[in-house]
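Visitor: I'd like a close look at one part of this model, with the rest brought in where it helps. Could you walk me through it slowly?

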Amino acid sequence: MRVRFCDEFDGGFGWIVDEFMERCSHALVEDGRVWVIDPVDGDGVEERIRAAGTPAGVLQLLDRHNRDGAALAGRLGVRHHVVPQGSLGPFGFVAVRNSRSWREVALWWPERRVLVCADALGTAPYYCAGTERLAVHPLLRLRPPRGQLGALQPNLILCGHGEGVLEDADAALREALSTSRLRIPGQLASAVRAWRANRPT
């Protein structure tokens with residue numbers, strides 16, 4: 001699969017599939033060890049991961065985000081952690097949803113103040129209303145995860161759908177959590193436009 005590398009910063013990088021869903025994956029690098037988050041496999045991905053350091057693990061933050069995590073973990077010779085709890089390496093995990101139909105944790109890297117969300121937050125066009133830089137998942141807009149994520153003050157926010165927010169991330173998070181309900185009509189209109197733009201011609 002063809003992917004485009006993105007979300008480059010001194011603690012890692014991402015790669016994204018140019019499609020309606022805008023599936024985005026990440027690798028975080030700490031002390032020469034590389035942790036891979038919700039990966040979609042693609043051209044050059046494994047090579048880029050190995051070049052960044054020693055593979056340490058593959059983390060799946062959402063129960064249904066199987067993607068290519070298990071297969072890539074096997075090739076890298078590391079464990080595939082599905083919806084991890086507590087802490088792992090330099091990361092902590094915050095429970096976003098825990099129900100039979102939706103189990104999701106957010107990754108919090110406190111030393112670098114990096115927040116990684118699988119589905120709870122995103123930047124793909126169908127997530128966002130108007131000019132929003134970051135948005136709550138459409139199915140969570142009525143009950144946004146303010147209690148779970150509101151106390152965090154991230155420098156960067158990396159998303160499972162859409163490129164990350166690498167500047168003024170804390171302000172973007174505050175706005176997304178506080179305006180999610182008010183902007184539901186705008187998000188619905190954006191989703192329709194995004195779907196029409198990606199229909200096969």
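Visitor: Let's take the open sheet formed by five strands: in what order do the strands come, and what is the pairing like?

Guide: Sure, and keep in mind that we're looking at a predicted model. The order in that open sheet is β7-β8-β9-β10-β13, and the pairing is mixed. At the edges you'll find β7 (87–88) and β13 (156–159); each has a single partner strand, so one side of each has no neighbour in the sheet.

Start at the β7 edge. β7 and β8 (residues 91–98) run antiparallel and are joined by two bridges. To see one pairing, pick L88, whose bridge partner in β8 is F91. The hairpin of these two strands has two residues between them, and in it G89 takes a positive phi near 55°.

Now carry on across β8. Its link to β9 (residues 103–109) is made by six bridges, and these two strands are antiparallel. Here a good pair to put on screen is F93 and L107, with L107 sitting opposite in β9. The connection from β8 to β9 is a hairpin of four residues. As a general reminder, strands of a sheet pair through backbone hydrogen bonds, in either a parallel or an antiparallel way.

For context, let's turn to the other open sheet. This one has six strands, ordered β1-β2-β3-β4-β5-β6, and its pairing is mixed too. β1 and β6 (80–82) are the edge strands, each pairing on one side only. From one strand to the next, the twist averages 20°. Over at the β6 edge, strand β5 (residues 54–60) and β6 run parallel, with three bridges between them. V58 is the residue to click on there, as it stands opposite H80 in β6.

Two helices go with this six-stranded sheet. α1 packs on it and touches β1, β2 (12–16), β3 (24–30) and β4 (33–37), and its direction makes about 175° with that of β2. α2, for its part, lies across β4, β5 and β6, running at about 165° to β5.

Those helices also meet each other. The axes of α1 (residues 45–52) and α2 (residues 69–76) come within 12 Å and cross at roughly 50°. The two helices are therefore oblique to each other, and their crossing is right-handed. On the α1 side the contact is made by E46, I49 and R50, while α2 brings L72, R75 and L76. Sort the residues of that contact by class and you get three nonpolar, three charged and no polar ones.

One last stop takes us to the charged pairs. The structure holds 13 salt bridges, and one of them joins E163 to R4, with 2.7 Å between the closest N and O atoms. That pair links distant parts of the chain, 159 residues apart: R4 is in strand β1 (residues 4–9), and E163 is in the loop between β13 and α4 (169–179). It's a handy place to finish, as β13 is an edge strand of the sheet you asked about, while β1 is an edge strand of the six-stranded one.

Definitions and conventions
Residues numbered from 1 in each chain as written. Predicted model: local features only at pLDDT ≥ 70, side-chain atom pairs only at ≥ 80, totals over all residues. Heavy atoms only, no water. Pairing = 2+ DSSP bridges. Axes fitted to C-alpha atoms, helices over the stretch in contact; angles between N-to-C directions. Parallel < 35°, antiparallel > 145°, perpendicular 65-115°, else oblique. Left-handed = near helix turned anticlockwise from the far one by under 90°. Contact = heavy atoms within 4.5 Å. Nonpolar A, V, L, I, M, F, W, Y, C, P; charged D, E, K, R; others polar. Salt bridge = Lys/Arg side-chain N within 4 Å of Asp/Glu carboxyl O.
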